[in-house]
Structures are given as C-alpha cells and as structure tokens.
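Below are some notes on the model you sent, set out point by point. They go from the whole chain to single elements and residues.

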Amino acid sequence: MAEWIAVLPDGSKRELDQPYGVDTAVQEPGLYEAKVTLSPLNERIQVKEYDAENYGKMVTGLKVLAAANDYGKIWIKARASEEEELTLAGFEREAVIPGFFDGEDAVSMAIFPKGDRRERPQRMKEDDILENACSGFPRADFRPLPEGYVTSLFTPDDAEDLAKLYEEVFPTYPYPITEPDYLRETAASHIIYRIIRNEAGELVAAASAETMPAMHNSEMTDFASRPSERGKGLAQFLLRALEEDAKERFDIRYMYTIARAQSFGMLRTFHNCGYAVSGTLVNNCNISGQFETMHVFYRK
C-alpha cells in the first residue's frame, strides 16, 4: 500500500509514489476554477492559478478539499487587486511580494483549516533572530571565493552530486531537489542552479533561481552548504551570481525569497544583499522534518 495518498476533488483517492504532491483542479462551472497542488508532505493546498467569479464559493471548495485530506493550510499568491475579495471570502494576508505579477504586487494569503497550524510557539525566538539578522546597514563588501574554489552553472553531469548535497543538508524538503532527474528537468526549463566546488572538486554549496519568465520574477532559493563550508560567504556569492544569471537569461526584474525564520545565516545574507522583509508565512512547509515558518524578503 502506498504511504502517500491524496484525496481528489471528486472524492477518489490517489496513491502517490512521492510525498511532494499532485496537481489537480477544483471548480464549479461559471463560479470558479482553481489549479492546485495537494501536498501530503506539507499537509497543504497550494493554489497555483485561479479564475473566480465567486470567491466565497472557491474558498468553500478549497476548504472541503483541505478537510478531505486533513490539511492544515491553504496558500495562495493573489494579485493585490483581488486581496479585498479574498479577505472577505476568508483568506488573510501573510506577506507581499512587490512586482511579482510583471510589476503588480502579489499578496501571499492563507487559510488555516486546522487551528494548531496557525500556532507559533517559537515566535519570540524567531522575532529576535530576525531583528538581529537585519540589524545595521547592509554590507557593501563581499568576499571572493576561497582560493581554489570555483563556481559554475549546473549541467546535467552535476545532478548526482547536487542531489547528494541537498540530501545531506535537508532531511526533508518541500520539493524533490534530492532527485537527480528533477534537477535535470527543472534546469532545462525555468530553474537556474549554480554550484561551488572546492579545490578537491567536491560540490560544497549550491543555490537556485526559480524563475517565472512571463512575469519577470524569480524566487532565490534552495541555498545549501556543507556544514564545514559555512562562514565563508558562499551563500552571498551565490546570491549575487544568480541575480546576474537570472537577469541575463530571463530578463528577471523582480526578485524575492522565502527564508526559514530560524536560519540566522540566511536571513543575514539576504539583508546584507539589500533585500527587505515583507511578511511571514506561518508553518508554511516541511523542511528538515518539521513545519517551518518562513520570512518573505524582496530585492529593493
């Protein structure tokens, strides 16, 4: 019997061979249609696209689907012009992503069908980490790579090594970055991966720019370094390089990230690179075996 099961909008159950999710649609003709991802690992419905004449009916349909799957969160990135309608229907704002829709702001909104998913027992600690990470002026100076280290864009030949790095760093992750085929497929379409190898040729750090070329935006994400390599400025180096990669390859103009609330190092990295905080996603996804609250940063 499959370990991962998703209950589809028609009530049928689909056995999954992976925990990351399945894409489907929930709709009522003439009222709304929403393309969603049902994710057993994240216990979340992510609304990817939607068209609604009746926002209330759409929210009801999403809540029914969440209840059928016993999910605790429904997550949507909405156009700012639709925020009022979605708020009246039951969504609440968590963050803003300036320029996300080719210049129009996106509002990241959520519904919590299960009340405990909204709770943040570590909120005071997370707030202190954020305040400390974002204190002071951003640094203007950036260290070069250590002697003997080299950076390059991902090639299919790097897939096994990169998947192994991600598996070492993240016991669980919202997306299948520990699978070489996934890395190859996404690199061939819309995700730019950049890697760093040390003087011995070992892949020691990586990150990616997950682009939406039609909207000219990119999420700067998937940052990972071996523990022995931390403190060398590799994340900042990768971020700056990926910004240029994204601009050159896809004419990306709007950049943002979703960073773990308890990761001081990454929060500091984005602050130092001129990113500003624009909200918090509560218990948004499963990373390293638990739900993680994430802060949204955008490139000013």
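1. The chain exposes about 14,200 Å² of surface, and carbon and sulfur atoms supply 48% of that area. The model is a predicted one, so these values and those below are computed from predicted coordinates.

2. On overall dimensions, the C-alpha trace spans about 60 × 45 × 40 Å along its principal axes. The radius of gyration is 19 Å, which agrees with the value near 19 Å for a compact globule of 300 residues.

3. Of the 300 residues in the chain, 53% are buried. Among contacts with a separation of 6 or more, 61% join residues 24 or more positions apart.

4. The secondary structure consists of seven helices and 15 strands. The remaining points take up one helix pair and one residue from each of two strands.

5. How do the axes of helix α4 and helix α5 cross? Helix α4 covers residues 159–169 and helix α5 residues 180–187; their axes come within 8 Å and cross at roughly 115 degrees. The crossing is right-handed. On the α4 side the contact is made by Ala159, Glu160, Leu162, Ala163 and Tyr166, and on the α5 side by Pro180, Leu183 and Arg184. Sorted by class, this contact of α4 with α5 has six nonpolar residues, two charged residues and no polar ones.

6. Strand β9 runs over residues 150–153 and contains Ser152. Is Ser152 buried or partly exposed? Its relative accessibility is 33%, so Ser152 counts as partly exposed, given that the partly exposed class lies between 20% and 50%. Setting aside residues up to four places away in sequence, Ser152 touches Tyr193, Arg194 and Ile195. A further pairing involves Ala241: the C-alpha atoms of Ser152 and Ala241 are separated by 9.6 Å, with their positions 89 residues apart along the chain.

7. Strand β12, residues 217–225, includes Thr221. Thr221 has a relative accessible area of 10% and is therefore buried, the cut-off for buried being under 20%. Which residues is Thr221 in contact with, leaving aside neighbours within four places in sequence? The contacts are with Tyr173, Ala207, Ser208 and Glu210.

8. To put the two strand residues side by side: Ser152 of β9 is partly exposed at 33%, whereas Thr221 of β12 is buried at 10%.

Terms used: Residues numbered from 1 in each chain as written. Predicted model: local features only at pLDDT ≥ 70, side-chain atom pairs only at ≥ 80, totals over all residues. Heavy atoms only, no water. Axes fitted to C-alpha atoms, helices over the stretch in contact; angles between N-to-C directions. Helix = DSSP H or I, 4+ residues; strand = E, 2+ residues; numbered from the N terminus. Left-handed = near helix turned anticlockwise from the far one by under 90°. Contact = heavy atoms within 4.5 Å. Nonpolar A, V, L, I, M, F, W, Y, C, P; charged D, E, K, R; others polar. Buried < 20%, exposed > 50% of the residue type's maximum accessible area, 1.4 Å probe, protein only. Rg over C-alpha atoms; globule rule 2.2 N^0.38 Å. Areas by Shrake-Rupley, 256 points an atom, 1.4 Å probe, with all protein chains shown as cover.
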